[in-house]
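Student: Before we go through the contacts, could we agree to set each value against its cut-off and only then conclude?
Tutor: Yes, let us take the charged pairs to begin with.

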Amino acid sequence: MLSERYDKKVLKLPRLGLPMARYTCLFTVEVPVNNLQHLLIEILESCNLDIIYDTGDYMMAREVPGHVSFSKLVTVEVLIDKSVAAEREIRLNFVIKNEELPLHLDNHCHQMYELVSRAVAENRHWQLIEAVAG
């Protein structure tokens with residue numbers, strides 16, 4: 001009797017999602033604000049990502065399908081913080097994630113994280129002030 005009630009309670013609990021691969025990094029760059037959107041789009045597209053959402057302070061891009069399985073497709077979210085004290089300094093908070101279980105350190109999501117991080121850090125159109133990996 002107790003096990004029947006317990007089973008019913010378990011079935012009524014909300015389904016919890018499996019852990020997914022997720023990597024974060026924070027960049028502070030010096031760049032004219034009016035160039036930022038164009039540069040971010042350029043960087044993300046150079047990493048084989050399509051922009052799917054852009055509000056000016058937030059951008060989302062998704063990996064172009066066809067090279068990896070659907071669960072490995074990476075989504076990149078960029079939160080743009082223009083409220084830094086200096087006039088031309090901008091903070092970019094990147095979240096790079098997918099539905100892949102991060103069973104190995106060198107998984108597809110981590111490879112995309114490295115690619116995007118390197119593209120941001122090495123961009124010649126701005127001055128990198130700070131990079132913090134999460």
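Student: What makes the meeting of the side chains of Arg88 and Glu30 a salt bridge?
Tutor: A salt bridge requires a side-chain nitrogen of Lys or Arg within 4 Å of a carboxyl oxygen of Asp or Glu, and the side chains of Arg88 and Glu30 meet at 3.7 Å, N to O, so the pair qualifies. This is a predicted model, in which local features need pLDDT of at least 70 and side-chain atom pairs count only at pLDDT 80 or more, whereas totals for chains, interfaces and linings use all residues. Residues are numbered from 1 along each chain as its sequence is written, and side-chain values use heavy atoms, with hydrogens and water left out.

Student: Where do Arg88 and Glu30 lie in the chain?
Tutor: Arg88 is in the loop between β4 and β5 and Glu30 is in strand β1, 58 residues apart, so the pair links distant parts of the chain; helices (H or I, at least four residues) and strands (E, at least two) are DSSP runs, numbered from the N terminus.

Student: Why is Arg88 called partly exposed?
Tutor: Buried means under 20% relative accessible area and exposed over 50%, with partly exposed in between (1.4 Å probe, protein chains only); Arg88 has 40%, and is therefore partly exposed. Glu30, with 34%, is partly exposed as well.

Student: How do you know that Lys97 and Glu77 form a salt bridge?
Tutor: Their side chains meet at 2.7 Å, N to O, which satisfies the distance criterion. Lys97 lies in strand β5 and Glu77 in strand β4, so this pair ties together parts that are 20 residues apart in sequence. Glu77 counts as buried, because its relative accessibility is 17%.

Student: What makes Asp81 and Arg91 a salt bridge?
Tutor: The side chains of Asp81 and Arg91 meet at 3.8 Å, N to O, and therefore satisfy the criterion. Asp81 is in strand β4 and Arg91 in strand β5, so the pair ties together parts 10 residues apart in sequence. Asp81 is partly exposed at 26%, and Arg91 counts as partly exposed at 33%.

Student: Why is the set of 29 residues called a nonpolar core?
Tutor: The name applies because a nonpolar core is a set of buried Ala, Val, Leu, Ile, Met, Phe, Trp, Tyr and Cys residues joined through side-chain atoms within 4.5 Å. The largest such core has 29 residues, and Leu40 is one of those with the most contacts inside it.
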